[in-house]
Amino acid sequence: MSTINQFLLQNNLRIATNPCVSPDFCLDWHGLSAKLVSGSGLKIWSKSTFDTAVGKWTLLENVSTGDCAWKLEPTTGDGLNVLTDGIKITGGVAFPASFANLLVLKNLIQEHNPASTIFPTAGQKLGQSTLGIGARFTALHWPAVDWAMSALEIGMTANQNSIPRELVYDVNAMLDGKLDSVPFPFIGTNVPEGHQGQSVEGMSHGCVMAKLKTGFHRRSIAWSFNADHQPIGGKFDIREDQLVNGCVLASYITFDLSPEFAQTKVPDDAAGWVKANVPAELVSKVKARVASIGLTLNENDLAKLLAYVWPGVKKMKVRDDKYAAARAKLFTTKVGREYLRELSIDELPGLTTPETTAAMLSLCEALGMKVNFVAPAFGFQKNMPYPDNAALKLLIEKQWNVCKQFGSSIGFHSGSGKSGENYQVMGQVTSSHLEIKTSGRYTYEMGKALFASKNAADQALWKDWYKFTLELALKGIFSADATEQKMARIFVVDALSKSGKPTEVFASEATARAALEALPLSPEHMFWFEYNFLFVLAAGGKAEKSALGDHSPAGYKQRERFYSISDEGRLNFSKNIASYIIFLAENTALASKERCAAASKLLAGYSTLDTMLSDISK
Ligand SMILES: [Zn+2]
């Protein structure tokens, strides 16, 4: 048994209430085998069935533990060796839902039907128009995302996470206590990476399982899995092979060159450096290509830009070859090996100029890397509308004039929480050749869902969650760390002033506490919004820096609380998620107004989660 599965079983952290930590969707094959043979206590996911050349498959689950198995009704022979660890059961053979078996199953499925939508792909329009639905929080949002894709009949980036920042990139490194940490200046501390607790393989596995359970794959809508902000260069060099291996089921890679950029110093003689280090043929190709779209980069500016980006771009190309090689090694089909690419350049300082975008896209083109999405910086603040739509239109137009000549769409990062008008501008200017990346919004929707729930346990969770953020805010207000203090005060002043309260409350901790505690609890308070995502893996739910991002059983027990919310809480959450996706699709014109209106009407009518989810397969 793998070390991670031992760890989870020893601490009673089961898939049913703590999914996607292990790469496997069966922790205890011994226990599940006994149930499979006796046939009792099993859920047969009847909508999950699909065919391959070797026979018909169905997903089975021990719902009390969440351990899953694949049942095969073989076309010929006993089928015992199709996957690993098979056992005979009534009507066929069963295999554990291990990650290794999942990889083989992907080949069997895609060899039999290249158009299958069980696994994430780069197909249909996913490389031009999509919505990025981040899982910064838990995996509880997936059924609602699948409902929205089904109702709107559009594919999306239905699984999206930054790795290794949000997802654990390697469970063994986690168990060995070798995860790095990520600076969060606004709370004045570093938090262990993988701060949501789930692993990249676990999430890769979980999103496929979620779709099979509701029969989403029957709708033939392609969806993608974006390994977001894959860090290139810098301190990540030493573990790039693990990053590549972990993301092997991702059908979409975002390249984030900022780690290498951060340590690149442009030499005084940039032109001389470029001459010595960048192939001359490449430089002339870039120059010609940028000129061909009517932009001019003078020699000096081009040399400076190339001297700055070339070390990172060179490493990106090496990494890209590794992603391709890993897929070629494991997967047998063209569709199974394909992946989309996004070039993230919004982490560079300042607003991105059209010339920079053109030079970067030219470089990628010259290196044979098709870039489906490029993410320039538009000066977005996370979760804040862009204040000036006319100015936004001009900014996007300038970028779009470049991107369209390379066949690239625009990726809008920090896309959560923009206004409807902002999204309309993005959609109109690009004719919906875009991706809006959203993530933090879905944590907020969970807060709203619990806040509105009448269930006592949901209310208790909500109050603990709110209190956690209030305590972090109070600590921040009086922190010796200047950034932390400044940000905490901004969040608190915003909450107080929007509630019509005086904001001069920082004289002492007592006055600040009294003012905050006098506020009615609300998910609309900015301090709740900004600190909330750290609660999910905070050991014991404690508002202490040392408790954040805790990968011990204490952190995972905390995470379990979210998987134990009531049916009412889940329905609220699912409806909130779906209605936000409809809002995005309508304003970006990814779906027609009529279809969005019909979907909204359908959504409003659900009074149970089961009826909502049973509509996914249609
Ligand atoms: Zn970015």
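**Figure 1. Cys20, a residue in a loop.** Cys20 turns up in the loop between helix H1 (3-10) and helix H2 (29-38). In this predicted model, Cys20 has a positive phi of about 70 degrees, although it is not a glycine. Is Cys20 buried or exposed? With a relative accessible area of 3%, Cys20 is buried, because anything under 20% counts that way.

**Figure 2. Lys618, another residue with a positive phi.** For Lys618, phi is about 55 degrees, and this residue is not a glycine either. Look for Lys618 in the segment after helix H24 (609-614). Its relative accessibility is 61%, so Lys618 counts as exposed; the cut-off for that label is over 50%.

**Figure 3. The whole chain, before more close-ups.** Let's step back for a moment. The chain holds 24 helices and 15 strands. Its radius of gyration is 25 Å, close to the 25 Å that the globule rule gives for 618 residues, so the chain is as compact as a globular protein of that length. Along the principal axes, the C-alpha trace spans about 75 × 65 × 55 Å. Of the 618 residues, 60% are buried. How much of the contact count comes from residues 24 or more positions apart? Among contacts with a separation of 6 or more, such pairs account for 74%. On the outside, the accessible surface comes to about 23400 Å², and carbon and sulfur atoms make up 54% of that surface. As for charge, the chain has 63 positive and 61 negative charges, and their mean positions are 3 Å apart.

**Figure 4. Thr58 and its contacts.** This view sits on strand S2 (residues 55-62), where Thr58 is found. Thr58 counts as buried, at 6% relative accessibility. Which residues is Thr58 in contact with, once neighbours within four places in sequence are left aside? They are Ile44, Trp45, Ser48, Thr49, Ala69, Trp70, Lys71 and Glu73. Take Lys71 from that list: Thr58 and Lys71 are 13 residues apart in sequence, and their C-alpha atoms are 5.1 Å apart in space.

**Figure 5. A cis peptide bond on the way to helix H5.** Here the thing to find is the peptide bond from Ile163 to Pro164, which is cis, with omega near 10 degrees. Pro164 lies in the loop between strand S7 (157-162) and H5.

**Figure 6. Gly177, past the end of H5.** Follow the chain through helix H5 (171-175) and you reach a loop that leads to strand S8 (181-184); Gly177 has its place in that loop. Gly177 is exposed, with a relative accessible area of 61%. How many residues separate Gly177 from Thr17 in sequence? The answer is 160, and from C-alpha to C-alpha the two are 23 Å apart in space.

**Figure 7. Phe533 and the residues around it.** Phe533 belongs to the loop between H20 and H21. Its relative accessible area is 1%, so Phe533 is buried. Leaving aside neighbours within four places in sequence, Phe533 is in contact with Arg136, Phe184, Phe186, His195, Gln196 and Thr443. Gln196 makes a nice example of sequence and space telling separate stories: it is 337 residues from Phe533 in sequence, but the C-alpha atoms of the pair are 8.1 Å apart.

**Figure 8. Helix H16 and what packs against it.** Thr443, one of the contacts of Phe533, is also one of the buried residues of H16. The others on that buried list are Gly440, Tyr442, Tyr444, Glu445, Met446, Gly447, Ala449 and Leu450. These buried residues pack against strand S6 (130-134), strand S15 (434-438), helix H17 (456-477), helix H20 (526-531), helix H21 (553-563) and helix H22 (567-587). What span should the 13 residues of H16 (residues 440-452) have? At 1.5 Å a residue they should span 18 Å, and the end C-alpha atoms are 19 Å apart, which agrees.

**Figure 9. Helix H18 and its buried residues.** H18 (residues 482-498) has 17 residues and reaches 24 Å from its first C-alpha to its last, close to the 24 Å expected at 1.5 Å a residue. Its buried residues are Glu484, Ala488, Phe491, Val492, Asp494, Ala495 and Leu496. An α-helix has 3.6 residues a turn, so residues three or four places apart point the same way. Where do the buried residues of H18 pack? They pack against H17, helix H19 (509-518) and H20.

How values were computed
Residues numbered from 1 in each chain as written. Predicted model: local features only at pLDDT ≥ 70, side-chain atom pairs only at ≥ 80, totals over all residues. Heavy atoms only, no water. Helix = DSSP H or I, 4+ residues; strand = E, 2+ residues; numbered from the N terminus. Expected span 1.5 Å × (residues − 1). Buried < 20%, exposed > 50% of the residue type's maximum accessible area, 1.4 Å probe, protein only. Contact = heavy atoms within 4.5 Å. Rg over C-alpha atoms; globule rule 2.2 N^0.38 Å. Areas by Shrake-Rupley, 256 points an atom, 1.4 Å probe, with all protein chains shown as cover. Lys, Arg positive; Asp, Glu negative; His and termini not counted. Charge placed at Lys NZ, Arg CZ, Asp CG, Glu CD.
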